[in-house]
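Let's take a walk through this model, chain by chain and then contact by contact. Keep the viewer open as you read.

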Amino acid sequence: MTSGYMIAGYLLTWGAMAAYLWRLSVRSQHTQRALDAERATLD
Amino acid sequence: MAKTQKIMGFLALLLFIIGSVVGLFVVRADAAMGDVQRLMYVHVPAAWLAMLAFFVVFIMSVLYLVQRNPRWDLIAASSAEVGVLFTALTLALGSLWGKPTWGVWWTWEPRLTTTAVMLMIYIGYLAMRSFADDPDKRARWSAIVGVVGFIDVPIVYLSVYWWRTLHQPPSSPRSIAPEILFALLLNLLAFTVVYLYLLVRRYRLAVNEQELERIVAHQTRQISHD
Amino acid sequence: MSSATQPVPRSADSAGEGGGRHEFLRRTGAIVWKDLLIEVRTKQSFTAMAFFAALVLFIFSFAMGADVRLLQATGGGLVWIGIAFTGILSLSRTYQSEELAGGLEGLRILPGEQRAIYIGKLLGNLVLLLTLELFLFPIAGILFQLELWRVAAPLAGVALLGTLGFSIIGTFYAALAVHVRARELMLPLLLFPALVPVLLGAVNATTLILTGDPDGVMSSWIRLLVAFDVIFFVVCTWIFPLVLEE
């Protein structure tokens, strides 16, 4: 049973990093698109 | 720049995988505590990196207050966000380690309690930023929170340490076996590279977001002038 | 810039830092006096706060139940939570008169004078809270069955140190919170984590005073409170002009 906690912990660690990275990617794309759109209207 | 970032990302991933493999399979399980002890290889590095992240927030906040370069502020904010991630992870892993070891999900152990307070201080930092609209003021105020908050952390630690140990004898530290130390240091290296990678990516996002904010604000001013 | 009421009386010679320490003390005193006067004239807010504090303690005793030993053991802690919650109310109004007069930034004054404002506000909050505690502690004594009279002197000392810590960091964060949206949320969010050492020190010292100190650990808590007060008084006073910067 103790191994269950260990597995949960490592999965959580991996999951948290992956989730944060994924969220960063989504926000980056979103911001980049908005930036491109704004810059297009400026020109 | 993007290429360096990609290399860094791959390096981080590689080290992270190696660290977990070593921690989970290569090192022997602890004689007394069993497999649960392997959680130390992620819990301890997460805690150290949380501390490092907030130290970076402190340094960048001081630098910003002195030089007023927005770059320092954006690095501080990025480090705070990544730091909150590591801090929350530290607490969760601490709980997962604590339940099978002591039977409780939470104890008022000094370092754990201080970590919880740290989490609250830096969530306050991020909340402060989200409620401030002017970029210069936002930078200045959050820098102040970053400085004062960091100064508070060692005092919090001292107070909680006294709170928990004044009547109880401190637990004697066990000596660490070399291979455990190796796995720990390896994961510490992995976590550090991961932190740096996340920091760089978050910082670049912050730069873009601020640029976007600046353009939108500029256009809004132009519209209101017409 | 609206030239509404100047909260700090300007001396004829206001070029340069004017008169050094004496001037500084005079300005600090002027602010404290002005705020206290406002407080005395609008007495209803003090009464309301005292009532609120009593109410909080009352609700605590409901939550804790009728077990006298439990109440006596936890009473020292509960009274400080009551002080903290009530204190937040008074803190959030610290800069109200300046805001009504056109905002904190409207005071285009020197850093030294800005620090005088901070210290003045701090002392104002301190006095207000200490006065509230004159009511709070006896009420807590009644509700939680605490014997306060024979330990009144050390209790007063701890109350002073703890309330001072609260006022130092609370007045500082109140100035920050005033500038952002959702300030009623931001002030407790910023303040309570930072207050942990003060709360621990004050609660433990109070409980030790009330229930006895077999291991002689009281001095540690006093040292903690004093250290906190000194460190943050220096830091907050020093940084305060940065908060008010235009």
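What follows starts with confidence, moves on to the chains and their interfaces, and ends with a few single residues.

First, some housekeeping. This is a predicted model, in which local features need pLDDT of at least 70 and side-chain atom pairs count only at pLDDT 80 or more, while totals for chains, interfaces and linings use all residues. Residues are numbered from 1 along each chain as its sequence is written, and chains are lettered from A and ligands numbered from 1 in the order in which they are written.

On the global scores, the model comes in at ipTM 0.89 and pTM 0.86. For chain C, the mean pLDDT is 83, and 85% of the residues score at least 70; pLDDT is the predictor's confidence in each residue, from 0 to 100. Among its helices, confidence in chain C bottoms out in α4 (residues 96–100), with a mean of 71, and peaks in α6 (residues 152–177), at 94. Helices here are DSSP runs (H or I, at least four residues), strands are runs of E (at least two), and both are numbered from the N terminus. Be careful with residues 1–18 of chain C, where pLDDT stays under 50. The model has 21 contacts beyond four places in sequence for that stretch, a contact being two residues whose C-beta atoms, placed from the backbone, lie within 7 Å. Where pLDDT is low, the predicted coordinates should not be read in detail.

Now to chain A, which has one helix and zero strands. Its C-alpha trace spans about 65 × 5 × 5 Å along the principal axes. Of its 43 residues, 14% are buried; that takes 20 or more other C-beta atoms within 10 Å of the residue's own, whereas 12 or fewer makes a residue exposed and anything in between partly exposed, with C-beta atoms placed from the backbone.

Chain B has six helices and zero strands, running α-α-α-α-α-α from the N terminus on. Its C-alpha atoms fill a box of roughly 75 × 45 × 30 Å along the principal axes, and 43% of its 226 residues count as buried. If you take contacts in chain B between residues at least 6 apart in sequence, 80% of them join residues at least 24 apart.

How do the chains meet? On one side, 20 residues of chain A contact 26 residues of chain B. The chain A side of that interface is made up of 11 nonpolar, seven polar and two charged residues. The classes work like this: Ala, Val, Leu, Ile, Met, Phe, Trp, Tyr, Cys and Pro are nonpolar, Asp, Glu, Lys and Arg are charged, and the others, Gly among them, are polar. Chain B also meets chain C, with 26 residues of chain C touching 27 residues of chain B. On the chain C side, the elements giving two or more residues are α7 (183–194), α8 (196–211) and α9 (218–244), and α9(C) supplies the largest share, eight residues. By class, this side has 19 nonpolar, four polar and three charged residues.

The largest nonpolar core has 137 residues, and C:I169 and C:L190 touch the most other members. A core of this kind is a set of buried Ala, Val, Leu, Ile, Met, Phe, Trp, Tyr and Cys residues joined through C-beta atoms within 7 Å. Its largest share, 15 residues, comes from helix α3 (residues 70–102) of chain B. Leaving aside residues up to four places away in sequence, C:L190 touches B:G124, B:V145, C:Y173, C:L176 and C:A177.

Finally, a few single residues. B:R68 sits in the loop between α2 (40–67) and α3 of chain B, and its phi is positive, near 60°, although the residue is not a glycine. B:R68 counts as partly exposed because 13 other C-beta atoms lie within 10 Å. C:Q145, in the loop between α5 and α6 of chain C, likewise has a positive phi, of about 55°, without being a glycine. Most residues other than glycine have a negative phi. In α9 of chain C you'll find C:V234, which is exposed because it has 11 other C-beta atoms within 10 Å.
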